[in-house]
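Hi there,

I am passing along the structure we talked about, so that you can open it beside your own notes. Please have a look at it first, and then read on.

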Amino acid sequence: MYGLVNKAVEELVITQFGQDKWEAIKATAGVDVEVFVSNQAYPDEITYRLVGAASEVLKISAEQILIAFGEHWVLKTASESYGPMMKAGGKNLRDFLINLPNFHTRVAMIYPDLKPPRFECSDIEDSSLKLHYFTHRPGLTTFVVGLVQGLGKLFNTPATCEILARQDQGAEHDVFKVAWTLV
Ligand code: HEM
């Protein structure tokens with residue numbers, strides 16, 4: 001994955017737990033990269049090892065770390081560094097989710113080697129929809145939960161994201177029911 005993903009993991013750990021923990025996590029992961037370069041592609045393995053080591057060092061489950069990372073990604077990384085792109089994604093949570101299937105097409109203009117996730121929406125109602133997530137990367141189900149929760153906060157729209165089906169439990173792909181309060 002592009003370096004900006006690992007950079008965001010680093011920033012989350014340092015701001016919430018401090019530099020020492022980050023050094024410990026890198027050592028545990030056996031990652032000796034000093035500075036991640038945003039627009040350079042790194043093996044996915046590095047990101048997975050960092051998340052696994054963060055879980056070990058911080059004594060928080062990897063699933064919880066991925067939720068926190070998803071929220072951080074939306075509320076800090078995306079909002080602060082890619083504001084215009086996030087704005088173009090939609091004016092409220094519902095529109096943003098409906099537009100999500102196309103979102104990474106724009107991201108790919110800046111990061112041409114992007115291997116993006118694929119999303120689809122179904123059962124679209126006024127205050128809920130089903131979000132379908134297709135990926136070749138295993139283990140990121142709760143990252144999506146965190147991303148959606150982050151979007152709810154971004155749009156000041158209290159939202160829940162329930163996992164209805166998981167690829168790692170035999171389903172064909174991950175499905176989430178996202179529901180929000182009309183404001
Ligand atoms: C401007 C904001 C965003 C940028 C710049 C961005 C960029 C990226 C990048 C660089 C990756 C790694 C893939 C690679 O390097 O090949 C990625 C993966 C991913 N993104 Fe985004 N993204 C953004 C917003 C979002 C949002 C809002 C969501 C969903 C709500 C999302 C969902 C995901 C998921 C689930 C993955 C994991 C990849 C996979 O399943 O294969 N992203 N994105």
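Below is what I found in it, beginning with the ligand and its surroundings.

Please keep in mind that this is a predicted model.

The iron atom is a good place to start. The protein offers the iron of the ligand a single donor, NE2 of His 104, at 2.1 Å. If you want to find His 104 along the chain, look in helix α6. That same helix gives the most to the shell around the ligand, with 5 residues.

What else surrounds the ligand? The shell has 26 residues, and the closest are His 104, Lys 115, Tyr 133, Thr 135 and Arg 137. By type, the shell divides into 22 nonpolar, 2 polar and 2 charged residues. Several helices take part: α1 (3-17), α4 (62-81), α5 (83-88), α6 (93-110) and α7 (141-154) each supply at least two residues of the shell. As for where the ligand sits, the space it takes is the largest pocket.

Oxygen atoms of the ligand also have polar partners in the protein, and you may like to click through these:

- Tyr 133: a polar side-chain atom lies 2.4 Å from a ligand oxygen.
- Arg 137: an N or O atom in the side chain is 2.7 Å from an oxygen of the ligand.
- Lys 115: here a polar atom of the backbone is 2.8 Å from a ligand oxygen.

Finally, the annotation. An unreviewed UniProt entry places the feature "domain: Heme NO-binding" at residues 2-162. Over residues 2-162 the model is 61% helix and 10% strand, and the C-alpha atoms at the two ends are 28 Å apart.

Happy to go through any of this with you over a coffee.

Best wishes

Conventions: Residues are numbered from 1 along each chain as its sequence is written. This is a predicted model: local features need pLDDT of at least 70, side-chain atom pairs count only at pLDDT 80 or more; totals for chains, interfaces and linings use all residues. Side-chain values use heavy atoms; hydrogens and water are left out. A residue is near a molecule or strand if one of its heavy atoms lies within 4 Å of it. A polar contact is a pair of N or O atoms within 3.5 Å; within protein, one must be able to donate a hydrogen and the other to accept it, and residues adjacent in sequence count only if both atoms are side-chain atoms. On a 1 Å grid over the protein atoms alone, a cavity is a set of points where a 1.4 Å probe fits but cannot get out, and a pocket is an open set with protein on both sides within 12 Å along at least five of seven lines; lining residues have an atom within 4 Å of a point. A molecule sits in a cavity or pocket if more than half of its atoms lie within 2 Å of its grid points. Helices (H or I, at least four residues) and strands (E, at least two) are DSSP runs, numbered from the N terminus. Ala, Val, Leu, Ile, Met, Phe, Trp, Tyr, Cys and Pro count as nonpolar, Asp, Glu, Lys and Arg as charged, and the others, Gly among them, as polar. UniProt positions are given in the numbering used here, feature names are shortened, and annotations may be inferred rather than shown by experiment. Donors are N, O and S atoms within 2.8 Å of the metal (3.2 Å for Na, K and Ca); water is not among the atoms, so sites may look incomplete.
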